[in-house]
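Could you walk me through this protein, pocket by pocket and then out to the surface? I have it open in my viewer and would like to know what to select next.

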Amino acid sequence: MSRASGFDQSTGASDTTLRPDIIAGLTASAVILPKAMAYATVAGLPVSVGLYTAFLPMVVYALLGTSRVLNVSSTTTLAILTSAQLALVVPDGDSAKLITATATLTLLTGLLLFVASALRLGFVANFISAPVLTGFKAGIGLVIVLDQIPKLLGVHFAKEGFFRDIASMATHLPEASTITVLTGATALILLILMERAWPHSPAPLAIVVGGIAISWLGGLAAHGVSTVGHIPQALPSLTLPSVDLVIQLLPGAIGIALMSFTETIAAGRAFAALREPPIRANRELIATGAANVAGALFGAMPAGGGTSQTAVVRATGGRSQKASLAAAAVSVATMLVLAPLLGLLPQAVLAAIVIVYSVGLIQPAEFASIRKVRRMEFRWALAAFVGVLIFGTLQGIVVAIILSLVGLSSQAANPRIHVIGRKRGEDFLRPVDGEQDDETFEGLLILRPEGRLFFANAQQVADRIRELASEAKPRVLMLDLSRVVDIEYSALQMVIEGERSLARQGIVLWLAGLNPDVAEYVRVSGFAEILGPQRLFSNTRAGIRHYQGNGEPV
């Protein structure tokens, strides 16, 4: 059985040679590995954990995933969510406890993704609307930037929340280390300039190499500049999770699993080429779940597909998951050979890398675009943004989900009901908007509800129909149900009761354009028999012809 992955030979010549993928993998690793180390520091973990995350999870996804180029390792969003959760269970920052807690959190994330796949919950990723996700990511971007600024300044203080941290940082500014500020600011400026001049280039690697060289030649550690420190020169060893931490970490793992899957699906779809196999949501749950479970047992932090690293793979010519395997091989070589040199890297340089790639999460243009099209959804985006800043990152996921569900519920509970007219001189029916000179019919009011009619919106629909009928005072009210995809029992009872109420006012109800399912519900309820064939029409035009031909309602 063929499989939609980077190893499927059935889709053409993209897999006939290793060369493009190996070149892409080697080039991309120059971007992926420095960022992976930087994201580990965001989570409050040793940089070696970032290397582990850019190794085994990447390999496992390459074997199981449905995207040809998606790169699965750590991401900015997952790093900050991991940081928030680890701070809750290991407040003292004990390194041994952090490693155990990370293994437990990553394993829970993977297992939750497996459960979601078994329950066919791939559609859940669509429950977070794009505007809410825009606000959520912007909030996280701002939190990460603020979290890294103290490392650029060489100051330390206890983290107590976004707004309190701003005040604390202001009071600690006089304590800033001049040499640390110069080191971090130089790295930050150079990285920004390089990224603008050569997008998706190995700029992070150049900055890391430069930072290590300056640290070594200038003896920065001896001058008070904080460095990465010791990195084990070995492959990751087996790390066992803690059963005692499961209950504490489970709520956070749910949020991380959701965000891991959401980012994975979004990135996979964004970089899927036209002729490549489609991204299969439930298969992606299995692939990312397996990547996290395998990574957990060898010290990795929660992983997911990221747009930035995948963009690098695609931009450098990657055509299949062999590019990710090549990048993973570079990660192994780094652990075995380059670990001692990486220990010299100033923390301020890593902070500069994190800031540059986290600022991209803040997209003012997206906010402006949302506001231009839908002001209500712009308010949702702002609420998600503020929710992250006030309540924290993990709670921000809950805020984002609640806002998305409230928005969905609001739309479902407020279906549109259009008054239908006919364009003059043409047989074209459309909603009457008051600006067009559309033809209406004396004594006939045509209303077209849209969407699914069910218990949550039945009363509102009934009230709106009653209001429009009261204004128009027609002899016949024809409901065009061609845009109603489903009608639930409560809504059908509303229509039946409405027919009786209209009859008492001297208004006859007709139905038109019922789809097969809705027509069947109307039939088995006995309502079709009450209406009779003279009040049921295959479409609205048939109803209009009948009305005009008879002159009077039946």
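Here is a short tour of two pockets and one surface patch.

A word before we start: this is a predicted model, where local features need pLDDT of at least 70, side-chain atom pairs count only at pLDDT 80 or more, and totals for chains, interfaces and linings use all residues. Residues are numbered from 1 along each chain as its sequence is written, and side-chain values use heavy atoms, without hydrogens and water.

**Stop one.** Select Val 42, Ser 83, Ala 87, Asp 147 and Lys 159, which lie nearest the centre of the largest pocket among its 47 lining residues. A pocket here is an open set of 1 Å grid points, where a 1.4 Å probe fits, with protein on both sides within 12 Å along at least five of seven lines; lining residues have an atom within 4 Å of a point. The volume of this pocket, the space filled by probe spheres set on the points, is about 1,400 Å³. Now colour α4, which gives the most to the lining, with six residues.

**Stop two.** Move to Thr 307, Ser 308, Tyr 357, Gly 360 and Leu 361, the closest to the centre of the second largest pocket, which 30 residues line. This pocket holds about 820 Å³ of space.

**Stop three.** Finally, show Phe 163, Ile 166, Val 386, Ile 390 and Phe 391, which make a nonpolar surface patch of about 480 Å². Patch members have over 30% relative accessible area (Shrake-Rupley, 1.4 Å probe) and no salt bridge (Lys or Arg side-chain nitrogen within 4 Å of an Asp or Glu carboxyl oxygen), with nonpolar side chains joined within 5 Å. Helix α16 (helices are DSSP runs of H or I, at least four residues) gives the largest share, three residues.

Methods: Helices (H or I, at least four residues) and strands (E, at least two) are DSSP runs, numbered from the N terminus. Patches are made of residues with over 30% relative accessible area and no salt bridge: like charges are joined within 9 Å, nonpolar side chains (Val, Leu, Ile, Met, Phe, Trp, Tyr) within 5 Å.
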